[in-house]
Amino acid sequence: IRVGFVAPPLQFLANVCIVLFLIQSLDRLILCLCCFWIRVKKIKPIPKEDAVADLETGENGFFPMVLVQIPMCNEREVYQHSIAAVCKLDWPKSKILIQVLDDSDDPMTQLLIEEEVHKWQQVGANIVYRHRVIRDGYKAGNLKSAMSCSYVKDYEFVAIFDADFQPTHDFLKRTIPHFKDNEDVGLVQARWSFVNKDENLLTRLQNINLSFHFEVEQQVNGVLINFFGFNGTAGVWRIKALEDSGGWLERTTVEDMDIAVRAHLQGWKFVFLNDVECQCELPESYEAYRKQQHRWHSGPMQLFRLCLPDVIHAKISFWKKFNMIFLFFLLRKLILPFYSFTLFCIILPMTMFIPEAELPAWVVCYVPALMSFLNILPAPKSFPFIVPYLLFENTMSVTKFNAMISGLFQLGNAYEWVVTKKSGRSSESDLVSLIEKDPKHQLRGSEPDLDEIKAEILQEQKARKKKHNRIYTKELALAFLLLTASARSLLSAQGIHFYFLLFQGISFLLVGLDLIGEQ
């Protein structure tokens, strides 16, 4: 029965996954080569010289009206830092309006944020506070509501920053010039940097992934095809592009990718600035990261199902349609989590019990090692973590695969939106150093009492010690399968398969017991 009925379909599925694995690996290799070519040729978006000169001198009236939005929801740990950073943006006060879009349902948090806004108003900042009682549509609904204000018609651009983002004072001066005399540019996206990337192993591994995303994926797509997924924050939109594309829609949990796709179909071009960074915070607990990744991998499948007819009938070239359907959605959002989970977490351990189906060593070891090496190149200081990175990515494939399936078929918690938990701890040192370096620019009324902050941090740390680690049953079940398969591999002298299964099983065990991250 095993030889005649079980092994053939398992081998067939293995061969399909290997083909998909090789196609995706080839795509990643091409992206890396393109990134290398961009760096060698020193290609980067350059604004018009007169636009930069106008900003420096203020001549010719080139200071367009800019709306700045900070959407937030119950983010008590970080609201002060984002509001302070945005209020210090170097732009004429008569040409900028800051909207603090508060969706908090905690009354104390609402009062704190409103008070912070009031304090900045007293020192002359052009800032307003908006609060929605009914949180329809989550972040998309919040932004949509803000754009419906009557005064928005007076503004040409809108910059968006999530609550944990802290733009530098010259952010607008380094992004807005790219719009001048480029009427087809709809979005200018900056790269993220992370204040807590060295906080623990989990944040280090996230930094590897996101460094590759910005340095390679976003930069290459921005240079070659002027299209990439909007990252939801640290970007500046031309308001006309938002309006032409239908505005913010609440139909998915990835409203940023949704508006980017619709804008691209309308012919708008995007610019990615790899040398303009905006600091933010990485989730430090596995639970927070897991929920974030579920939203990031469920949403694209919801969007793919909804926008596929629009892409097919759009008046764009065949190659743009091919890029969006096959590369942007299928290969990088669907095929990647599918083969990663199926091949390395299911098929590989099953071949230990069904030896008639085989996976060659180059599939198990050499190609994954090469891909991990390519992924880690944009973050060279992370090379010591290349093995944990490879193992953790396979471990996360369970969450990503589950999210992809739920988004594609609208199952379970596909439309669940959970605000990523922030610690705010990484920003305290920035605040202290800022006070020491430049005390005269601090806002007296909103300076937090550092003793109180330390007391709160101590209380939080005590609370963390009292927390019990979560148990993740799916990860533990796969740990049992992989460790059992590694024992079977050892008995049959499988060599490289044994080591991979053993360490991958240990990785699943650690994650299943919540022994990674802040715990």
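**Exercise 1. A residue of strand 1**

Glutamine 69 is buried, with a relative accessible area of 0%. Determine where glutamine 69 lies and which residues glutamine 69 touches, leaving aside those up to four places away in sequence.

*Solution.* The structure is a predicted model.

Step 1. Glutamine 69 is placed in strand 1, which covers residues 66–72.

Step 2. The limit for a buried residue is under 20% relative accessible area. Glutamine 69 has 0%, so it counts as buried.

Step 3. The residues that glutamine 69 touches, apart from those up to four places away, are Gln99, Leu101, Leu143, Ala146, Met147, Val158, Ala159, Ile160 and Phe161.

Step 4. Leu143, Ala146 and Met147, which are among these contacts, also belong to the buried residues of helix 5.

**Exercise 2. Two covered helices**

State how many residues of helix 5 are buried and how many of helix 9, and then identify the elements against which the buried residues of each helix pack.

*Solution.*

Step 1. In helix 5, seven of the 10 residues are buried, and the helix is mostly covered. These residues are Lys139, Ala140, Gly141, Asn142, Leu143, Ala146 and Met147.

Step 2. The buried residues of helix 5 pack against strand 1, strand 2 (96–102), strand 3 (127–131), helix 8 and helix 9.

Step 3. Helix 9 spans residues 255–265, and 11 of its 11 residues are buried. Charged residues appear in this list, including Glu255, Asp256, Asp258 and Arg262.

Step 4. The buried residues of helix 9 pack against helix 5 (138–147), strand 6 (235–238), helix 8 (239–244), strand 7 (269–280), helix 10 (286–313) and helix 11.

Step 5. Just after helix 9 comes glycine 267, with a positive phi of about 100 degrees.

**Exercise 3. Aromatic pairs**

Classify the ring pair of tryptophan 192 and phenylalanine 214 and the ring pair of phenylalanine 338 and phenylalanine 401.

*Solution.* A pair of aromatic rings is described by the distance of the centres and the angle of the planes.

Step 1. The count of aromatic pairs comes to 26.

Step 2. The ring centres of tryptophan 192 and phenylalanine 214 are 5.3 Å apart and the planes stand at 50 degrees, so this pair is tilted. Tryptophan 192 belongs to strand 5 (residues 185–194) and phenylalanine 214 to helix 7 (residues 201–224), so that the pair links distant parts of the chain, 22 residues apart. Tryptophan 192 and phenylalanine 214 are both buried.

Step 3. For phenylalanine 338 and phenylalanine 401, the centres are 6.3 Å apart and the planes at 35 degrees, so this pair is tilted as well. The pair joins helix 11 (residues 318–353), which holds phenylalanine 338, to helix 13 (residues 386–409), which holds phenylalanine 401, across 63 residues.

Step 4. Phenylalanine 338 has a relative accessible area of 25% and is therefore partly exposed, whereas phenylalanine 401, at 19%, is buried.

Step 5. Ring pairs also link residues into a cluster, whose members include Trp192, Phe214, Phe270 and Phe328. The charged end of lysine 333 sits over the ring of phenylalanine 328, 4.3 Å from its centre.

**Exercise 4. Positive phi in two loops**

Locate lysine 42 and glutamine 410, and decide whether each is buried, partly exposed or exposed.

*Solution.*

Step 1. Lysine 42 is not a glycine, yet its phi is positive, about 55 degrees. Lysine 42 is found in the loop between helix 1 (2–41) and helix 2 (49–57).

Step 2. Exposed residues are those over 50%. Lysine 42 has 74% relative accessibility and therefore counts as exposed.

Step 3. Glutamine 410, also a residue other than glycine, has a positive phi near 55 degrees. Its loop runs between helix 13 and helix 14 (425–437). With a relative accessible area of 47%, glutamine 410 is partly exposed.

**Exercise 5. An enclosed space**

Describe the volume and the lining of the second largest cavity.

*Solution.* Rolling a probe the size of a water molecule over the atoms shows where empty space is left.

Step 1. There are two cavities of 30 Å³ or more. The second largest has a volume of about 60 Å³.

Step 2. Of the 11 residues that line this cavity, Glu284, Lys421, Lys422, Ser423 and Glu518 are the closest to its centre.

Step 3. The lining divides into three nonpolar, two polar and six charged residues.

Methods: Residues numbered from 1 in each chain as written. Predicted model: local features only at pLDDT ≥ 70, side-chain atom pairs only at ≥ 80, totals over all residues. Heavy atoms only, no water. Phe/Tyr/Trp six-rings, centres within 6.5 Å; stacked < 30°, edge-to-face > 60°. Helix = DSSP H or I, 4+ residues; strand = E, 2+ residues; numbered from the N terminus. Buried < 20%, exposed > 50% of the residue type's maximum accessible area, 1.4 Å probe, protein only. Lys NZ or Arg CZ within 6 Å of the ring centre and 35° of its normal. 1 Å grid on protein atoms, 1.4 Å probe; cavity = no way out; pocket = protein on both sides within 12 Å on 5 of 7 lines; lining within 4 Å. Points joined across faces, edges and corners; volume = space filled by probe spheres on them. Contact = heavy atoms within 4.5 Å.
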